[in-house]
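Biologist: I want to know how the labels on a structure are earned. Please show me one and let me ask.

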Amino acid sequence: MLRVEMLRKSLVSWFIFLTLCIPAVHAQTAGKTVLDGVYSDAQALRGEAAYTAHCRVCHGEGLEGVSAPELSGNRFIEHWREDALDTIYNFIRQSMPLGRAPDAKAIPDSDYLDIVTHILKVNGYRAGASELTPDVLANIMLVGKNGPQPVPDGSLIITVGCLSQSRDGVWILFSATEPARTRRASTSTPAERSASSQKRLGNLIFRLAELDAVPDFEPDSHKGHKMQVKGYLVRQPNAERISLSLMEELDSMCAP
Ligand code: HEC
């Protein structure tokens with residue numbers, strides 16, 4: 001681990017230089033979050049009615065959970081935060097109510113959307129002037145009350161960085177970007193790839209584990225290359241680890 005530490009130190013000076021050259025790299029994409037009043041009170045009221053009809057029996061009147069998990073509070077938010085609202089919307093649209101009879105009348109998408117706003121309201125996120133619409137779901141982040149935070153320990157994440165091996169044989173990702181949530185473990189979409197290609201490298205270092213979990217991946221042939229990486233984040237003091245599920249080369253150079 002000492003070697004990783006040394007590598008880190010030598011990289012730090014390089015990055016201070018780079019950061020000075022490229023201002024505003026760190027400005028996080030100024031997207032909206034659920035703290036910005038993203039639904040209307042009328043919509044949440046409609047959502048409450050739809051929730052009562054389709055969800056209450058298992059999740060409870062006040063979302064406190066009965067035969068199914070609670071849909072409010074810390075555990076629930078930890079499960080979904082630092083991800084766009086379309087993830088939870090698509091989840092409930094595709095899988096809830098659980099065990100629904102195949103011949104049951106489909107619930108309209110607009111009802112699912114209203115239910116999402118009811119869930120936001122009960123979780124204490126304020127209403128705003130206009131309704132939540134499906135086209136903006138992918139651009140609104142679900143965050144905790146304190147705003148955007150690093151993703152929780154154990155999340156499936158995506159990051160971009162350069163592959164290297166320390167002298168004690170440990171594979172590492174350096175110059176890595178802040179990890180973001182992803183929901184697809186072992187494949188990537190063209191949109192993810194293109195977003196990753198355009199990402200500027202960051203200043204994080206991760207130890208990589210479970211390299212053999214990635215089919216046909218030969219780390220030796222990607223040394224020093226810029227990679228798109230997915231896996232489960234394991235936070236540890238000094239050396240955060242990624243248990244890999246996907247490695248894809250973006251560039252044969254490690255250029256910012
Ligand atoms: C028949 C009981 C039942 C009904 C009705 C039902 N659910 Fe669920 N729901 C479950 C169970 C069980 C789970 C936990 C298993 C899972 O996550 O797949 C769950 C999980 C969830 C989760 C994830 C919880 C978490 O911890 O992150 C959400 C969100 C959710 N349900 C929303 C809804 C919504 C919205 C409705 C109404 C449209 C609904 N459910 C109706 C049983 C139900």
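Modeller: What follows is a talk about the ligand and its surroundings. This is a predicted model, where local features need pLDDT of at least 70, side-chain atom pairs count only at pLDDT 80 or more, and totals for chains, interfaces and linings use all residues. Residues are numbered from 1 along each chain as its sequence is written, and side-chain values use heavy atoms, with hydrogens and water left out.

Biologist: What makes a residue part of the group that surrounds the ligand?

Modeller: One of its heavy atoms must lie within 4 Å of the ligand. By that test, 19 residues surround the ligand. The closest are Cys-55, Cys-58, His-59, Trp-80 and Met-96.

Biologist: How do you know which class those residues belong to?

Modeller: Ala, Val, Leu, Ile, Met, Phe, Trp, Tyr, Cys and Pro count as nonpolar; Asp, Glu, Lys and Arg are charged; the others, Gly among them, are polar. The shell then has 15 nonpolar, three polar and one charged residues.

Biologist: What makes the pairing of Arg-75 with the ligand a polar contact?

Modeller: A polar contact is a pair of N or O atoms within 3.5 Å. A polar side-chain atom of Arg-75 lies 2.9 Å from an oxygen atom of the ligand, so the pair meets the cut-off. For His-79, the distance from a side-chain N or O atom to a ligand oxygen is 2.7 Å. Trp-80 also has a polar side-chain atom 2.7 Å from a ligand oxygen.

Biologist: Which residues coordinate the iron atom?

Modeller: Donors are N, O and S atoms within 2.8 Å of the metal (3.2 Å for Na, K and Ca). His-59 (NE2) and Met-96 (SD) coordinate the iron at 2.0 to 2.2 Å, so both pass.

Biologist: Why is the arrangement called octahedral?

Modeller: Six donors count as octahedral if opposite donors are over 155 degrees apart and all others between 65 and 115. Here the six donor atoms subtend angles of 87 to 179°, which makes the arrangement octahedral. Ideal angles for six octahedral donors are 90 or 180 degrees.

Biologist: Why does this pair tie together separate parts of the sequence?

Modeller: His-59 lies in helix α3 and Met-96 in the loop between α5 and α6, so the pair ties together parts 37 residues apart in sequence. Helices here are DSSP runs (H or I, at least four residues), numbered from the N terminus.

Note on methods
Polar contact = N/O pair within 3.5 Å; in protein donor to acceptor, adjacent residues only side chain to side chain. Tetrahedral: all angles 85-135°; square planar, octahedral: opposite > 155°, others 65-115°. Helix = DSSP H or I, 4+ residues; strand = E, 2+ residues; numbered from the N terminus.
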